[in-house]
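Please look through the chain shown here, moving from its overall form to one helix and then to some individual residues of the backbone.

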Amino acid sequence: MYPYFYFHGYTNHAVQQKWKMVVLENEYIKVFVCPEIGGKIWGAIEKSTGKEFLYYNDVVKFRDVAMRGAWTSGGLEYNFGDIGHIPTCATPVDYATMENEDGSVSCVVGAIDLPSGTKWNVEIKVSPGKAFFETKASWFNNTELPCTYYHWMNAAAKAGDDLEFIYPGKNWIGHGEETGNWPTDNNREINWYKNNNFGSYKSYHVMNSYSEFFGGYWHNEDFGFGHYGNFDEKPGKKLWIWGLAPEGMIWEDLMTDTDGQYIEYQAGKLFNQAANSSTLTPFKHKEFVPHDADIMNEIWFPLKGTKGMKAVSEYGVLNILKNERKQKVVLSALQPLNDQLYMYKNGDLLSSARIELKPLELFETSINVNPSDEIKIVLGDNKLSYSSNKNETLVDRPIYPNNNFNWDSAYGQFIKGLELEKQREYTRAKTHYEKALKEDPGFLPAINRLALSYYRQMDYKKALALIYKALSIDTYDGEANYLLGLICREGGNITLAKSGFSIAMGKVAFRSAAATELANLFLNEENRSKAEQYANKALAYNAYNLDALKILALSKRKSGDKERAKEVLKTIAELDGTNHFQKFETFLLSENLEDQKLFVSGISNELPHESYLDLAISYYEKGCKQEAIKVLELAPENPVVNLWLAHLKGTGRENYLDKVVSQSAQFVFPHRAQTAKLIESFLNTHSHWKLNYYLGLVYWNKGLLEKAVQQFELCENNPDFAAFYLAKVKLLESIEEKLQCAKMALELEPESWRAALEVANFYLKDNRALAAKRIIQPFLQTHPEQSAIGLCYAQCLSGEEKFEEAAYFLENYELLPFEGATVGRDLYNEVCIRSAARALNGGKYNKAIKLAQKAKKWPLNLGVGKPFDVDERIEDYILFLAYNAKGDKQKAKATALKITDYNHPDFKEENSSLFLQLMMLKRTNREEDAQLKLSGFLRKYPESRYLKWVEAKFRGASNVGDIEEAILGNSGTTMAYDTKFKDKRVELLLYLLIELNQ
C-alpha cells in the first residue's frame, strides 16, 4: 500500500499505556473518540443504564488485520479509499474539537489518503437534549484524476444469543458472487445471532429494501443499538459475524480481554464491499470523479425498552409488537417530542394522541387490527412514519448477473479494465483496454481510458496521441477533452489545455472539474478575475468543490479583499474541519504567530511531512511559489521536503540538496509525479544514488517497472541499508540477482529478521532446507513475536523431511494470526499428513493412525480455531488404509463410510479431495454413485480446474499430467477480500498419491 509501510510484530504481553481520548457527552449519552488510533470512536454509552450501544474495548490489542497490519476492534471505524481497514485506521490522525453555537460539541478527525490524494473527515457531534450522536463523513477528491470510491462506517456491538439483527430487506449479497435470502435463508432465521452456528465468517450485505435504518436488539437486556441515515447517502447495510465455531470465537481473546465477542453493523455508500469477483455481478466497483465531494450525515443511537424497531427518524424510534388481534405500538423519543401521533387503519384515521416525551421515554398504546389490515402511523408533520404495507419498503433490484453479457467483446474487455482501474490495479487495467481496442480499434471509451493510463504513468506523448484518436471520432467528447486539457497542461501547451477544458465543460460529468482546472490555469497567469469566474462556475455545479473554494480564497487575499477571503475560508472550515489550507491562509491574512502555531499544531497525523508537502505542492501548482516555500520551511526535516525547497528557493539550493543526500533514506517514500519531475531535473546536474533510488520508487509506484529497475541499478552497491536491497529483490526477475540482493541486505544488517527471512525463503524454494534453517534459527530467540520466523523454521524442518519434529515445534509455538489466515494450522496439518503417509508406506500402521488423527487437530496456539465444516477426506483415507492393512475391518468400514457419505457444504466450492471419495465409492461397489456425484459437481462448477483434474484422474485420462502441471504452475492473482476459490490441499493430495503409488 505504497507509500505507507507495514507494521510487523504483535504480542500477547500487555503493558500499561495512556491514550489520548476526546470525550463528548450530554445528559443521555457519552461518546469516546481516540485521535491516536485512526480517530475512531472508541465506544458509546447510554448513561441511565451504563450499557454500550457501541462496543467499548477496555484494552488496545493491535492485531494483523488491516491493510497495513495493525488494527483494533470495537467502537466505530471509518473507511475511505480502496478497501476496508484503511492505512490510517491504527495511527494518529489530524483532529480538532469545537463548541458549536447551538450548544453542541464536536470532534472532527481526518486524514489524507496518500495513494489517491483524497482527503476525508468525520465530524462526531453530541447535542444537548438528544439521545444520539451524529457523524458527518466528508470526502473530497481534490485531485484532477478519478480514483477508487469505497466508503463504509464500521460499528461494533457485543455478540449474544439473544441478539436479533433488525435489517429491513429480503436478500443478502456477499463480497463476490455469494447471494441468499433475508431474514430466513435455507430455513434458518439468520437475523438471530445464535442461528449463525454454521459455515464460516458471515458478511451479509442486506438489500432490496428502501429503508433508512438498521440495528440490533438484545432481548434479554431489553436494550439495543441503531443507525439512521438518508438512503441516497447510505444504502449499504452490512452485518459482519466472526463465526460461532472456534474458527471465529478464537478472535474474542485475540482482540480483547474481558469484553467478549462482538459483531459489526456497518453503513456504506455502496450495496456491498466489492471484492474483485464482484465485477462479475451487478455490484461493480465505483469511481470518485475528479474534484468531487461526498458528504454523508448519520445518527447512531441506543434502544431502551422498545423490544426492537420498525421505523426510525432523528425524532424517535417506533416498534410494533403483534399479539393475536392486537398490536402494541411503542414509541421511544430520541429528542424532546411534543406532537400528535396519528394511527390509520386501511386509510381511515383510527385514533390520535398527544405525545410529550423526553429522550428515551416511551409512549405505549394498543390498537385492534386484523392480519389483513393495513396500518399507518405518523408522528406530527411526517417527522416519523411507519406503514405495514411492504410494497412501501421492499424493492426488486437484480442480484444476479446477466449471463448474456459478452466479457470478450470490446465493451466486456473495457469493463474488465475499468473495474481493475477502480481497484487501483492500473497496469492490469491497461492490458484490458488494449484488448478492447484489438476487438474494436475505434472503441472510444477504451481509447480515453488507455490515454488516462499513460497519463498516470507520466507518458504524456503516448497519452496525447491516443486523445487525438479519440477527438478524431468525436471532437466534443467530454472525457477526451478533459484529458486533452490535463495532458497539454503537463506538456506546457496551455492554450490547447484551455481549449480542452472549455469543451469538456459541455458535459455535466466534467463541468465542475474542468472549470476548476481552468481556474487553476488562470490563477497561475495571475488573471484573477478569470480564475474567480471559473471557480464560481465550478461551485455552481458542485458547492462542495474544495479546490474551487481554495482558488477563490487565494484570489481574494491576493486582490486585497481580506473580508471576502475570510468568508470563503469559513466555508472551507465548515466543510473540512481539519483543513490545513484554511489554517495556513488564516495565518497569512493575520500574520499572527498564534495562527501559525494553530496551523502547525493542527497537523498531528502519523506522517506530518506529507501534509506539508501536499499543501505546498497545491500552492505551487496554483502559481503561489512563496506560499509553498513558507509552508515547507515549517515542515519537519525530510529529504523530499528538502528536494522541494531546493527546487523552489533560488538561494541555498545546493545546501538543500546536500541535506537530501546526507539524510537517511530509510522510511522515505516519494510517490508523487511532481516529485519525479524534480528529481529528473536534478539528475541532469547532480549525481547521487539517493536521487536514483527516490526516482526509482516513484517510477515503481507508477507501474514503470523497467525504468524503476534502471534507477535501482544505477545505485549500484552504494545504498547502506537493508531495505533497499530487499525492495530490489521484488523488482528483479533473475533468481540469482534476487538472492544476491537478499544476501547483501543480510550482510549490511545481520540482525534484520526480514533480510534473514528473505534469504531463507530463497533457499527453501531451491530445496536447500538445511541452509535455510541455519539462517533463520537464530532469529527464533531474538524475534519471538515475528510469526513469519517460526513458520519459516517449521517449513525448513518439513523441507528436511523432519515432519514429526516440525509438528512438535508447531505444537509448542505461539502464532498470532492475521484475519482469515490459517497458514500455521495448514502447515501443521501438512507435516502430519506427510509423516502419516510415510509411516503408512513403511508399514507402520499404528503410527500412521496416530499421525492422521493428529492431523485433524486444530491447536489453538497456532492462531486458528476449528470451523464448523471440515473436509477430512485426506485424513480419513489414510486412516482407512491403515485400519484395512491392520485387519481392523470394523474401523476400516466405518472410516470408509465417513468418506463415501461426506456431504460437501453448499457454501464452499468442491475440491480435489473429491477424488478420494470417488475412489472409495468405487472400491465399495458404488461406482454409479461416484459417476453421478462427479457429473453433478462438474455441472455446478464447470470452470473448476480442480474438478477437471478429478475427472481426468478418476477416469484415467491421458491429460491428467497436463492438468496437474497447469494447477501447480498457476498460482493466480488474489486480491483483498476476494472470494475466488483456491484449493490449498491439492499439492498435499498429489504428494499422498505419489507416496502411496496411486
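The expected span of a helix is taken as 1.5 Å times one less than its number of residues. In this model, which is predicted, helix α28 covers residues 823-841, and because its 19 residues should by that rule span 27 Å, the distance of 27 Å between its end C-alpha atoms agrees with the expectation. Is α28 mostly covered or uncovered? Of its 19 residues, 14 are buried, and the helix is therefore described as mostly covered, since buried here means under 20% relative accessible area. An α-helix has 3.6 residues a turn, so residues three or four places apart point the same way. Just after α28 the backbone reaches Gly843, which takes a positive phi of about 80°.

Stepping back to the whole chain, one finds 36 helices and 33 strands. How does the radius of gyration compare with what a compact globule would have? For 998 residues such a globule would have a radius near 30 Å, and because the chain has 31 Å, the two agree. Taken along the principal axes, the C-alpha atoms fill a box of roughly 100 × 85 × 65 Å. Buried residues make up 58% of the 998 residues, while the accessible surface comes to about 42400 Å², with 47% of that area belonging to carbon and sulfur atoms. Among the contacts with a separation of 6 or more, 63% are accounted for by residues 24 or more positions apart. As for charge, the chain has 119 positive and 131 negative charges, and the mean positions of these two sets are 2 Å apart.

The backbone itself offers several details to inspect. Most residues other than glycine have a negative phi, and most peptide bonds are trans. Against that background, a cis peptide bond joins Tyr2 and Pro3, with omega of about 10°, and Pro3 is found in the segment before β1 (22-25). Another cis bond runs from Trp182 to Pro183, where omega is near 5°; Pro183 lies in the loop between β16 (179-181) and β17 (184-185).

Positive phi values also occur in residues that are not glycine. Lys307 has a phi of about 65° and is found in the loop between β25 (293-304) and β26 (311-312); its relative accessibility is 37%, so Lys307 counts as partly exposed, the class that lies between the cut-offs of 20% and 50%. Asn346, with phi near 55°, is found in the loop between β29 (337-345) and β30 (348-357), and because its relative accessibility is 44%, Asn346 likewise counts as partly exposed.

A further loop residue to consider is Asn638, found between α15 (625-633) and α16 (639-648). Is Asn638 buried or exposed? Its relative accessibility is 7%, so Asn638 counts as buried. Leaving aside residues up to four places away in sequence, Asn638 touches His609 and Gln663. The C-alpha atoms of Asn638 and Glu610, residues that are 28 positions apart along the chain, are separated by 9.6 Å.

Technical notes. Residues are numbered from 1 along each chain as its sequence is written. This is a predicted model: local features need pLDDT of at least 70, side-chain atom pairs count only at pLDDT 80 or more; totals for chains, interfaces and linings use all residues. Side-chain values use heavy atoms; hydrogens and water are left out. Helices (H or I, at least four residues) and strands (E, at least two) are DSSP runs, numbered from the N terminus. The radius of gyration is taken over C-alpha atoms; the globule rule is 2.2 Å times the number of residues to the power 0.38. Buried means under 20% relative accessible area, exposed over 50%, partly exposed in between (1.4 Å probe, protein chains only). Contact means heavy atoms within 4.5 Å. Accessible areas come from the Shrake-Rupley method with a 1.4 Å probe; for residues, only the protein chains shown count as cover. Lys and Arg count as positive and Asp and Glu as negative; His and the chain ends are not counted. The place of a charge is taken as NZ of Lys, CZ of Arg, CG of Asp or CD of Glu.
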